[in-house]
Amino acid sequence: MSGSAKATGALVDVLVIGAGVTGIQQLYRAREEGFSVKVLEAGTGVGGTWYWNRYPEARFDSESYTYGFLFSKELWEEWEWSELFAGQPEIERYFNFVVDKFDLRRDIEFGVTVTSASFDEPTGTWTVRTGGGAEHRARYVVAATGVLSVPYYPAVEGRENFRGEQYHTGRWPKTPVDFTGKRVALIGTGSSGVQIVPAIADDVASLTVLQRTPDWCTPLNNGPISPQEQAELKAEFETIRETLNTSPSGFLHELPSRFSTEDSKEQRLAFFEKMWNSPGFSKLTTNYIDFTTNPEVNKEFCEFVADKIRGLVTDPATAEKLIPKNHLYAGRRPPFVTGYYEAYNKPTVQHVSLEQTPIVRVTETGIELTDGLREFDIIIWATGYDFGTGALNRLGVRGRDGLALEASWADGPSTYLGIVTAGFPNFFFPGGPHGALGNNPRYASDQVDCVIDVLEHAREYDYDVIEVDPAAEKDWTDTVNGSGSLFLESSYFFGSNIPGKAVKQLLNPTGRPNLQRLIAEQAEQKYSAFILSKVEEAAA
Ligand code: NA7
């Protein structure tokens with residue numbers, strides 16, 4: 001054990017770190033099953049990623065009602081999403097509505113940053129310390145810290161010297177930023193950056209978009225949800241829940257039914273037009289069956305999108321710079337946009353390709369590129385996250401014999417079902433690495449339910465210590481690492497955006513049905529992949 005782990009607070013059954021979509025669900029489920037629970041949250045409110053990402057036009061690209069919780073029919077009937085893809089303020093209101101409706105807030109401590117979590121072998125408990133100096137004791141720790149919670153700032157020289165305002169999309173201030181008449185630089189054109197561009201283009205004096213790699217952006221096709229659709233959604237709760245609980249992608253989208261080779265070129269172009277006009281991720285999930293396995297059809301779709309970009313952007317040179325050249329559709333996480341390409345036709349918006357003129361340094365007054373200094377009042381860093389393992393590796397987690405999680409995962413995460421890791425008993429991380437594929441809350445809730453089922457099993461048989469069998473962990477980790485991936489190794493789904501980070505699979509490329517199958521199998525086999533023991537036995 002880490003012998004120094006001592007705490008004075010009352011022992012809770014389950015201590016959850018993070019009050020985002022996964023943490024809230026974990027709190028709800030744990031309380032429902034009669035466990036005592038405490039949640040520690042660094043923010044001053046609930047929502048996790050949707051609390052921190054309050055930049056202009058931060059918005060779902062999963063259909064709103066497919067992202068929300070499915071554990072209560074009453075909640076489903078009471079809450080009405082106003083848009084197919086809700087914006088951040090409404091999303092934050094939803095999470096607040098949920099915690100108030102189910103009286104969850106009383107178990108959440110806000111403004112508390114966890115600085116360490118240490119396992120104490122003789123008692124089989126965890127001691128969790130916070131920045132404020134408090135110590136909490138828990139039988140089980142669930143780190144619901146999310147995959148997109150540690151903002152990444154590139155190591156650009158001079159960032160601290162800039163005298164204007166600077167913001168990262170993942171740490172956006174609560175007080176609205178006033179862009180009126182300001183010269184703004186936006187660095188990064190992933191899902192976040194491309195949402196901001198059209199949102200502020202009319203307010204600024206100038207907006208300079210500094211793009212390193214263009215992505216294949218397609219229309220979000222958002223819109224209000226009509227009263228009739230609201231009524232249909234309410235009437236069909238059970239069917240929708242069943243579909244979402246079994247869908248490989250966690251969406252309601254109908255599965256594709258045709259191979260590209262069944263259609264003529266004209267039919268394919270007509271189909272691509274239908275895709276272009278379809279909502280969000282359905283361009284990927286309802287495209288041709290062979291869309292992601294047959295590069296020819298993917299290439300054809302990309303040419304179709306490139307032509308759309310050329311049609312939307314007036315300046316041909318800018319249009320060409322916005323067309324990806326190094327990957328096909330879904331080689332990287334595709335962003336969805338509303339008015340993004342059109343924004344480049346406004347006199348206020350300039351596009352700069354960092355491939356042609358890289359950043360040299362940030363100065364007191366602006367950003368120096370290889371072709372000279374550009375002066376700005378505001379710099380927006382839309383430069384992404386330390387995905388998957390970023391938060392877990394920074395929690396100060398210490399398992400058996402003081403083993404550091406970040407050391408254990410130095411070569412990439414090693415997990416069983418993306419939920420547990422060997423050497424860290426009674427420690428769970430649903431919604432973390434090796435679990436993700438598709439709509440986040442859907443696979444994360446499979447994992448949350450699994451955590452609860454394991455805890456209930458241990459309670460039923462009077463076990464105190466739950467640890468994954470290293471052989472089961474190795475098997476799952478090898479499978480995940482050995483499975484072919486839709487996404488390129490150069491994408492952040494492999495950690496490639498963070499200098500020095502091990503380039504390893506951070507998603508679950510085996511798919512949600514496989515995760516669900518293994519979870520169900522474990523329940524049937526009374527958790528054969530876990531080593532369950534009593535404290536005295538563990539100590540012996
Ligand atoms: P992303 O998708 O990781 O995008 C980050 C962007 O920042 C991307 O365009 C990067 O270019 C760019 N970037 C990163 N480092 C640099 C440097 N050093 N110089 C210039 N540009 C840089 O993060 P988002 O916040 O947009 O989206 C994250 C997720 O949120 C998204 O997937 C959704 O799930 C919601 P690069 O591609 O590395 O060349």
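The following paragraphs lead through a predicted model, going from its sheets to its helices and then to a single loop residue.

A suitable starting point is an open sheet of five strands. Its order is β7-β16-β8-β9-β12, and the pairing is parallel. At the edges stand β7 (165–168) and β12, each of which has a single partner strand, so one side of each is left without a neighbour in the sheet. Direction ignored, neighbouring strands of this sheet are turned by 15° against each other on average.

Within this sheet, strand β9 (residues 206–211) deserves attention. In general, strands of a sheet pair through backbone hydrogen bonds, in either the parallel or the antiparallel sense. On one side, β9 is paired with strand β8 (residues 183–187) in the parallel sense, over five bridges. In this pairing A185 stands opposite T208 of β9, and L186 has V209 as its bridge partner. The strand β9 also pairs with strand β12 (residues 349–353), again in the parallel sense and over five bridges. Here V209 stands opposite H351 of β12.

How far is β9 enclosed by the rest of the structure? Six of its six residues are buried, so β9 is largely enclosed. The side chains of a regular strand alternate between the two faces of the sheet. Both faces of β9 are covered: S206, T208 and L210 are buried on one side, and L207, V209 and Q211 are buried on the other.

The strands β8 and β9 are also linked through a helix. Together with helix α6 (residues 191–200), they make a right-handed β-α-β unit. The helix α6 packs on the sheet, where it touches β8, β9, β12 and β16 (378–381), and its direction makes about 160° with that of β8. Seven of the 10 residues of α6 are buried, so this helix is largely enclosed by the rest of the structure. The buried residues are S192, G193, V194, Q195, I196, V197 and I200. Their cover includes the strands β8, β9, β12 and β16, and also β11 (336–337) and α13 (340–343).

A further open sheet has three strands in the order β13-β14-β15, with antiparallel pairing. Its edge strands, β13 (359–362) and β15 (372–375), each pair on one side only. Neighbouring strands of this sheet are turned by 25° against each other on average, direction ignored. Strand β14 (residues 366–369) is joined to β15 by four bridges, and the two run antiparallel. In β15, G372 stands opposite L369.

Another group of paired strands centres on β4 (residues 114–120). This strand is mostly covered, with six of its seven residues buried. It pairs with strand β5 (residues 125–130) in the antiparallel sense, over six bridges. In this pairing, W126 of β5 is the bridge partner of F119. The hairpin of β4 and β5 has four residues between the strands, and G124 takes a positive phi near 65° in this hairpin. The strand β4 pairs as well with strand β17 (residues 397–398), in the parallel sense and over two bridges. There the bridge partner of A117 is V397.

The text now turns to pairs of helices. The axes of helix α9 (residues 265–276) and helix α11 (residues 295–312) come within 11 Å and cross at roughly 60°. That angle makes α9 oblique to α11. The crossing in which α9 passes α11 is right-handed. On the α9 side, K265, R268, L269, F272, E273, M275 and W276 take part, and they meet V297, E300, F301, F304, V305, K308 and L312 of α11.

Helix α15 (residues 440–460) and α17 pack with their axes 11 Å apart, at an angle of about 10°. Angles under 35 degrees count as roughly parallel, and α15 and α17 are therefore roughly parallel to each other. Their contact is made by R442, Y443, D446, Q447 and C450 of α15 with R512, L515, Q516 and I519 of α17.

The last stop is S491, in the loop between α16 (470–482) and α17 (512–524). Is this residue S491 buried or exposed? Its relative accessible area is 5%, so S491 is buried. Leaving aside its neighbours within four places in sequence, S491 is in contact with G331, R332 and S496.

Definitions and conventions
Residues are numbered from 1 along each chain as its sequence is written. This is a predicted model: local features need pLDDT of at least 70, side-chain atom pairs count only at pLDDT 80 or more; totals for chains, interfaces and linings use all residues. Side-chain values use heavy atoms; hydrogens and water are left out. Buried means under 20% relative accessible area, exposed over 50%, partly exposed in between (1.4 Å probe, protein chains only). Two strands pair if DSSP finds at least two bridges between them. A crossover is right-handed if, with the strands pointing away from the viewer, the path from the first strand over the helix to the second runs clockwise. Axes are lines fitted to C-alpha atoms, for helices over the stretch in contact, and angles run from 0 to 180 degrees between N-to-C directions. Angles under 35 degrees count as roughly parallel, over 145 as roughly antiparallel, 65 to 115 as roughly perpendicular and the rest as oblique. A crossing is left-handed if the near helix is turned anticlockwise from the far one by less than a right angle, and right-handed if clockwise. Contact means heavy atoms within 4.5 Å.
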